Amino acid sequence: MVVKVYGPAFASPKRVLACLMEKEIEFEVVPVDLLKGEHKDPEFLKLQPLGTVPVTQDGDYVLYESRAIMRYYSEKYKSQGTGLLGETIEERGQVENWLEVEAHNFNPPVMNLTLHVMFSSKLGFPRDENLIKESEEKLGKVLDIYEERLSKTKYLAGDFFSLADLSHLPFTQYLVGPIGKEYMISSRKHVSAWWNDISSRPSWQKVLLLYPPPF
Amino acid sequence: MGPKGEKKTAAALFYKLKRPSTLQHSQPTSTTMVVKVYGPVFASPKRVLVCLVEKEIEFEGVPLDLLKGEHKDPEFLKLQPFGTVPVTQDGDYVLYESRAIMRYYAEKYKSQGTDLLGKTVEERGQVENWLEVEAHNFDPHVFNLTLHVMFSSKLGIPRDENVIKESEEKLSRVLDIYEERLSKSKYLAGDFFSLADLSHLPFTQYLVGPIGKEYMITSRKHVNAWWNDISSRPSWQKVQQLYPAPL
């Protein structure tokens, strides 16, 4: 039983891949080309009716939504590999808090930047400069709050690495690379130290090497 | 409001209202540890309230008027720097984000009240799956409808008919997927009630009520049966009675 992960070249599935690496869980990948719309193919929709990646298939146990998949495997293999949920219920509460902050405060603006800076020409829709400006401002405000938080604790949920940090890897990698806004990280002392720490983890380096971005 | 000429989305305006005069925090009446929940009349905090009622956990609501912008008051931002509700305060343990708070209390009091996370790791995986589907596929569209149909006149933002139409179409496709799912299992995560179902209560209540799109539920047999089931739970009836909607 090897876990199959769909869409490994893309950012959200990379959350799952980095998590599986940290947990030392064997997996294999199934390419899905979102740029060709393969996630809207009838066959794929049978597996994942919402037409999004990632999906995992573990025998006949299917899951979707990257953060749900990460929670499941971190819990199931709690004592194997890196502990990613904290040690106590209170620590896990903080992991949940900051994982939700990532999903609802950090992700939407960085996703807009990804779409409009990196993907608009590939996908043939107009690059919206107002949206880019607005998203950068919103992301800046979120990163100011992270700076304050990370001046008090080494990682977002506390002094331990967790899913809350890991979940930031794929899109922050876009931000400092192809989106061309590395200054948003490097200009913030604690955010910068945190990013250098989490992005240099062997798990993440390996994911980047094995599954380069789609272009 | 922001600089002149800056493009504002309705959602941005929603969070940038008039400055508040003062925050009206209720004072703790005793030293007993009761969970304080900020902003109880609003929809997202109601996820937390109904969860606490199901888990038989004592709480008190701390009023916060988003329509007056009290969530952007400096005092409130010290507690919740993003300026959103809900926040819970449990002694000195503070949490934000409704779905994080629900997971924490459902886990901490696992054997008390209704079990909301499933019994096995696999069941919990399905709860997580459908709770994330609610957050990323259901909520954005119903939230847009809430903003543009219910709150636009109160907040002085233009009601955007295109956003309403598009959100209704997208929500409809999501509900078609729910219909299929609920033809196979009684609840979203399986044959057991869980956080994944509960998390839909506040905004679906808006949808069938003040938003005026009850047909989106009633026209789908299994979704309709599911909605009748979960919305008639005593916990949800109690939350609505205790904290009526803000308008």
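**Figure 1. Chain B in overview.** Chain B of this predicted model has a secondary structure of 11 helices and 4 strands. Of its 247 residues, 42% are buried. Take the contacts in chain B between residues at least 6 apart in sequence: 72% of them join residues at least 24 apart. As for confidence, the mean pLDDT of chain B is 89, with 87% of its residues reaching 70 or more. Where does pLDDT stay under 50 in chain B? That happens over residues 1–31, a stretch for which the model still has 37 contacts beyond four places in sequence. The scores for the model are ipTM 0.97 and pTM 0.92.

**Figure 2. Where chain A meets chain B.** Here we're looking at the contact between the two chains, which takes 27 residues from chain A and 26 residues from chain B. On the chain A side, at least two residues each come from strand S4 (61–64), helix H3 (66–76), helix H4 (89–123) and helix H5 (129–150). Which of these supplies the largest share? It's H4(A), with 11 residues. Sorted by character, the residues on the side of chain A that touches chain B come out as 11 nonpolar, 5 polar and 11 charged.

**Figure 3. Two domains within chain A.** The domain assignment splits chain A into domain 1 (3–83) and domain 2 (89–204). Their C-alpha centres lie 21 Å apart. Across the boundary, 13 residues of domain 1 of chain A are in contact with 13 residues of domain 2 of chain A. On the domain 1 side, the elements giving two or more residues are helix H1 (11–22) and H3 of chain A. H1(A) gives the most to that side, with 8 residues. The side of domain 1 that touches domain 2 is made up of 6 nonpolar, 3 polar and 4 charged residues.

**Figure 4. Helix H10 of chain B, inside and out.** Zoom in on helix H10 of chain B, residues 221–231, and pick out its buried residues: B:Val223, B:Trp226 and B:Trp227. Why do they line one face of the helix? Seen down the axis of H10(B), these buried residues fall within an arc of 100 degrees, so they share one face. Their packing partners in chain B are helix H6 (161–182), helix H8 (201–208) and helix H9 (215–218). Flip to the other side of H10(B) and you'll find B:Lys221 and B:Asn228, which are exposed.

**Figure 5. A hairpin in chain B, with a cis proline in the loop before S3.** Strand S3 (residues 87–90) and strand S4 (residues 93–96) of chain B pair in the antiparallel sense over 4 bridges. One residue pair to look for is B:Thr88 with its bridge partner in S4(B), B:Leu95. S3(B) and S4(B) form a hairpin with 2 residues between them. In the turn, B:Gly91 has a positive phi of about 65 degrees. B:Pro86 sits in the loop between helix H3 (74–79) and S3 of chain B. The peptide bond running from B:Val85 to B:Pro86 is cis, with omega near 0 degrees.

**Figure 6. A cis proline in chain A.** Chain A has a cis peptide bond too, this one joining A:Val53 and A:Pro54. Its omega is about 5 degrees. To find A:Pro54, go to the loop between helix H2 (42–47) and strand S3 (55–58) of chain A.

**Figure 7. Two glutamates of chain A with positive phi.** A:Glu24 isn't a glycine, yet it has a positive phi of about 55 degrees. This residue lies in the loop between H1 and strand S2 (27–30) of chain A. A:Glu65 isn't a glycine either, and its phi is positive as well, at about 75 degrees. Look for A:Glu65 in the loop between S4 and H3 of chain A. Buried or exposed: what is each one's setting? A:Glu24 is exposed, because just 11 other C-beta atoms lie within 10 Å and 12 or fewer counts as exposed. A:Glu65 is buried, because 27 other C-beta atoms lie within 10 Å and the cut-off for buried is 20 or more.

Conventions
Residues are numbered from 1 along each chain as its sequence is written. Chains are lettered from A and ligands numbered from 1 in the order in which they are written. This is a predicted model: local features need pLDDT of at least 70, side-chain atom pairs count only at pLDDT 80 or more; totals for chains, interfaces and linings use all residues. Two residues are in contact if their C-beta atoms, placed from the backbone, lie within 7 Å. Ala, Val, Leu, Ile, Met, Phe, Trp, Tyr, Cys and Pro count as nonpolar, Asp, Glu, Lys and Arg as charged, and the others, Gly among them, as polar. The arc is that of the directions from the helix axis to the C-beta atoms. Domain bounds come from an automatic or database domain assignment. pLDDT is the predictor's confidence in each residue, from 0 to 100. Two strands pair if DSSP finds at least two bridges between them.
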